2 protein chains.
Amino acid sequence: MGEDLVVTDALVQLSFLVQSVFEQACAEHDTPPAQARLLGVLEGRSPGMAELAGLLGVERASVTGLVDRAERRGLARRVAVPGDRRASRVELTGQGRQVEAAFRTTVTDRLGALVADLPRSDHAHLTRMAARILAAGAAR
Amino acid sequence: MGEDLVVTDALVQLSFLVQSVFEQACAEHDTPPAQARLLGVLEGRSPGMAELAGLLGVERASVTGLVDRAERRGLARRVAVPGDRRASRVELTGQGRQVEAAFRTTVTDRLGALVADLPRSDHAHLTRMAARILAAGAAR
DNA sequence: AATAATTGGTTAGTGTAACGTACTATCTGC
DNA sequence: GCAGATAGTACGTTACACTAACCAATTATT
């Protein structure tokens, strides 16, 4: 139990570090954090607004404005769904895909530098543990 | 190199999971994320506004409003610094300490549940790796 | 077929938060 | 004693998330 105090604290600290890298990358790509998050989620997917809310963990109403701003920036667009005149799917534009890729590269590079010191075997181990924690989180 | 793609992605995913736990706890304690962050940073410390900006990684100007709102909520207060009439230190109120402790407990419990499946040895390993990554981040 | 309930999404209003720029007041070095 | 540097704030802008209320289209009910 006094153990968990340390692991959980480590997770929180680590999370804030990763977030700061993420936000740094956002600033460099002139993209607000929520927009960057949106791009990442839309990569390879084309969900409806409600599903998107679920993926992002925010309310449906928040997604409206988020996608509005993304459209205004030319990063994403709403597409009509044939057969349901209420619904729309959201998808990346070409520019959106481009920004997403560039952004991802930046984040990967920066984080890569941070873990560069760790031995190869630790990388694998860390990845495996993260996967298990993520599974536990998804199951919750 | 194709390796890093996996580790870094794991870090990002993990970070978002931890953040979602953090935000969940915020909602339960009726405290906005930035306020919760502030409480955590103020625990055991009593920095000036500029130092606080550094600790949080935001601009000095942002801290003014942040502390304003914290004061309005009765969580923190500004204290005059004897010998420098410009400066003030920020410190937690009794209620601030109380909320911080309760909040910390919630987060620790939730994260503890997520790592509960992992063997004890993994906890230690994860903590050690996180420490190294954090050190690399601090050095940057 | 008509009505009720559900689902998909938006609107409006509020609170929070971060930024950049410009500003005041105080302190420090020469 | 005056030129900077430093501590903090004010202001205007953008962004984001929430709640509550709403419309429109779809599906279920009888």
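## Ground rules

A residue counts as near a DNA strand if its C-beta atom, placed from the backbone, lies within 6 Å of that strand. Residue classes work like this: Ala, Val, Leu, Ile, Met, Phe, Trp, Tyr, Cys and Pro are nonpolar, Asp, Glu, Lys and Arg are charged, and the others, Gly among them, are polar.

What you're looking at is a predicted model, where local features need pLDDT of at least 70 and side-chain atom pairs count only at pLDDT 80 or more, while totals for chains, interfaces and linings use all residues. Residues are numbered from 1 along each chain as its sequence is written, and chains are lettered from A and ligands numbered from 1 in the order in which they are written.

## Confidence

The complex comes with an ipTM of 0.92 and a pTM of 0.93 from the predictor. For chain A, the mean pLDDT (the predictor's confidence in each residue, from 0 to 100) is 95, and 97% of the residues reach 70 or more.

## Chain A on its own

Chain A has six helices and two strands, running α-α-α-α-β-β-α-α along the sequence. These elements are DSSP runs numbered from the N terminus: helices are H or I with at least four residues, strands are E with at least two. Along the principal axes, the C-alpha atoms of chain A fill a box of roughly 55 × 35 × 20 Å.

Of the 140 residues of chain A, 29% are buried. Here, buried means 20 or more other C-beta atoms within 10 Å of the residue's own, exposed means 12 or fewer, and partly exposed is in between, with C-beta atoms placed from the backbone. As for contacts (C-beta atoms, placed from the backbone, within 7 Å), take those in chain A with a separation of 6 or more: 51% of them join residues 24 or more positions apart.

## How the two chains meet

The contact between the chains draws 38 residues from chain A and 38 residues from chain B. On the chain A side, helix 1 (2–28), helix 5 (94–114) and helix 6 (120–139) each put in at least two residues. Helix 1 of chain A has the largest share, with 16 residues. Sorted by class, this side of chain A holds 21 nonpolar, 12 polar and five charged residues.

Now for the symmetry. A rotation of 180° with 0.0 Å of shift along its axis puts chain A on chain B, with an RMSD of 0.1 Å; the fit is by least squares on the C-alpha atoms of residues with pLDDT of at least 70 in both copies. That's the relation of a two-fold axis. Both copies use the same surface, and 100% of the contact residues of chain A recur in chain B. The residue of chain A closest to the rotation axis is A:S15, its C-alpha sitting at 2.2 Å.

## Around the DNA

DNA strand C has 23 residues around it, and A:G48, A:A61, B:P32, B:A34 and B:A61 come nearest. Helix 3 (49–56) and helix 4 of chain A, plus helix 2 (33–42), helix 4 and strand 2 of chain B, each supply at least two residues of that surface. Helix 4 of chain B brings the largest share, five residues. The class split here is 10 nonpolar, six polar and seven charged.

Over at DNA strand D, 23 residues surround the strand, the closest being A:P32, A:A34, A:A61, B:G48 and B:A61. Two or more residues apiece come from helix 2 (33–42) and helix 4 (60–72) of chain A and from helix 3 (49–56), helix 4 (60–72) and strand 2 (84–92) of chain B. Helix 4 of chain A gives the most, with five residues. By class, the surface near DNA strand D has 10 nonpolar, six polar and seven charged residues.

## Local details

Helix 2 of chain B buries B:Q35, B:A36, B:L38, B:L39 and B:L42. Looking down the helix axis, these buried residues fall within an arc of 160°, so they line one face of helix 2; the arc is that of the directions from the helix axis to the C-beta atoms. Just after this helix, B:G44 takes a positive phi of about 80°.

Most residues other than glycine have a negative phi. A:D30 isn't a glycine, yet its phi is positive, at about 55°. A:D30 sits in the loop between helix 1 and helix 2 of chain A and is exposed, with 9 other C-beta atoms within 10 Å. In chain B, B:D30 also has a positive phi, about 50°, and lies in the loop between helix 1 and helix 2 of that chain.

Technical notes: Two residues are in contact if their C-beta atoms, placed from the backbone, lie within 7 Å.
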